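Q: I should like to learn how to read the features of a protein model, one at a time. May we look at it together?

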Amino acid sequence: MVDSHTPQNRLILLGASNLTLSLRLVIDLMQQRIGAPSEVLAAVGHGRAYGVFSQVVWRGLPGIAECGLWRPLSAVESRPTYALLTDIGNDIVYELTPEQVLRAVERCVDQLQRQSAQIVVTNLPMASVERLSERRYTFFRNLFYPFCKLSRDETLSRVRAVHAGLVDMAVRRQFLLVEQEAHWFGLDGIHVNYWQREAFYRDIVRRFPDSGAKPEHWDDKRKFFLTWQRRPVFAFKTVLGRAIHCPQPSGQLADESPVSKY
């Protein structure tokens with residue numbers, strides 16, 4: 001008999017600000033789709049990049065492709081694995097070349113495919129970014145990325161190159177790539193409108209295969225299961241240049257899903 005608290009699957013969630021703000025929501029939507037409880041491994045964080053160390057105010061995080069999530073992944077118990085890679089693009093304003101961004105993303109894909117993961121990737125939101133006027137682009141660049149000196153034209157050129165590169169990679173590596181429509185995003189072109197978050201992520205999560213494993217009375221218990229028993233904290237971060245470590249998993253949801261945060 002299977003223990004009802006034993007994880008039935010593994011969720012690997014990679015992203016930046018949008019995923020950080022919606023982490024519990026995305027876990028909930030994925031569990032509705034593929035079952036629960038889950039072992040959750042998340043590499044998230046405001047301003048997070050895939051291929052370079054990122055610094056937001058006083059907090060620093062390693063690039064997702066080089067973070068601590070990957071080392072234990074190769075040694076864990078085998079179970080059905082589902083991975084979402086999203087919020088790709090911060091690397092551009094950290095002034096990585098498109099080739100460097102794509103290499104970092106492909107390193108993640110390679111390690112996920114070694115785990116036979118079902119992978120869904122969101123492409124860069126081309127339509128919403130291209131709508132940014134020069135004035136709006138400069139305002140939000142200076143607000144969110146004051147260190148970045150890229151012009152609008154250069155940024156758009158790199159965005160287009162990464163977008164096209166992901167299309168090619170999806171064909172070569174056989175993963176599902178989701179194009180993002182402009183109406184989901186706010187004035188800055190990159191952050192999902194707060195009131196549209198559930199519809200936005202539901203549209204993405206439906207691309208994963210439906211396991212039919214939705215728990216009985218899920219709708220009645222959903223709000224309870226979505227709450228944290230323990231909030232996860234980063235396995236490694238720097239604060240004002242000081243390294244801080246925390247053993248994982250550091251978080252747990254009310255359905256006893258363990259959550260590791262890298």
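Q: How many strands form the open sheet with the order β3-β4-β9-β10, and what is the pairing?
A: Strands of a sheet pair through backbone hydrogen bonds, either parallel or antiparallel. In this predicted model, four strands form an open sheet in the order β3-β4-β9-β10, and the pairing is antiparallel. Its edge strands are β3 (54-56) and β10 (242-245), each of which pairs on one side only. On average, neighbouring strands of this sheet are turned by 30 degrees against each other, direction ignored. Strands are DSSP runs of E with at least two residues, helices are runs of H or I with at least four, and both are numbered from the N terminus. Two strands pair if DSSP finds at least two bridges between them.

Q: Where do the numbers come from, and what limits apply to a predicted model?
A: Residues are numbered from 1 along each chain as its sequence is written, and side-chain values use heavy atoms, with hydrogens and water left out. In this predicted model, local features need pLDDT of at least 70 and side-chain atom pairs count only at pLDDT 80 or more, while totals for chains, interfaces and linings use all residues.

Q: How many bridges join β9 to β10?
A: Strand β9 (residues 236-239) is joined to β10 by four bridges, and the two run antiparallel. Thr-238 stands opposite Ala-243 in β10.

Q: What is the order of the open sheet of eight strands?
A: The order is β7-β6-β5-β1-β2-β12-β11-β8, and the pairing is mixed. The edge strands, β7 (176-178) and β8 (228-230), each pair on one side only. From one strand to the next, the twist averages 20 degrees.

Q: Which partners does β1 have within that sheet?
A: Strand β1 (residues 9-14) runs parallel to β2, joined by six bridges. Arg-10 stands opposite Glu-39 in β2, and Ile-12 has Leu-41 as its bridge partner there. With β5, β1 pairs in the parallel sense over five bridges; Leu-14 stands opposite Leu-85 in β5.

Q: How should one read the two faces of a strand?
A: In a regular strand the side chains alternate between the two faces of the sheet. In β1, Asn-9, Leu-11 and Leu-13 lie on one side and Arg-10, Ile-12 and Leu-14 on the other, and all are buried. Buried means under 20% relative accessible area, exposed over 50%, and partly exposed in between (1.4 Å probe, protein chains only).

Q: Which residues cover the two sides of β12, and what are the partners of this strand?
A: In strand β12 (residues 258-261), Pro-258 and Ser-260 are buried on one side, and Val-259 and Lys-261 are buried on the other. Strand β2 (residues 38-43) pairs with β12 in the parallel sense over three bridges, and Ala-42 stands opposite Lys-261. Strand β11 (residues 251-253) runs antiparallel to β12, joined by two bridges; Gln-252 has Pro-258 as its bridge partner. The hairpin of β11 and β12 has four residues between the strands, and Glu-256 takes a positive phi near 75 degrees in it.

Q: Is Val-40 in β2 buried or exposed?
A: Val-40 counts as buried because its relative accessibility is 0%. Leaving out residues up to four places away in sequence, Val-40 touches Leu-11, Leu-13, Ile-27, Pro-258, Val-259 and Ser-260. Contact means heavy atoms within 4.5 Å.

Q: How does one describe two helices that pack together?
A: Two packed helices are described by the angle between their axes and the distance between the axes. Helix α2 (residues 23-34) and helix α9 (residues 197-205) pack at an angle of about 40 degrees, with axes 10 Å apart. That makes α2 oblique to α9. Angles under 35 degrees count as roughly parallel, over 145 as roughly antiparallel, 65 to 115 as roughly perpendicular and the rest as oblique. Axes are lines fitted to C-alpha atoms, for helices over the stretch in contact, and angles run from 0 to 180 degrees between N-to-C directions.

Q: Which residues of α2 and α9 meet?
A: From α2 come Leu-25, Val-26, Leu-29, Met-30, Gln-32 and Arg-33, which meet Arg-197, Glu-198, Tyr-201, Arg-202 and Val-205 in α9.
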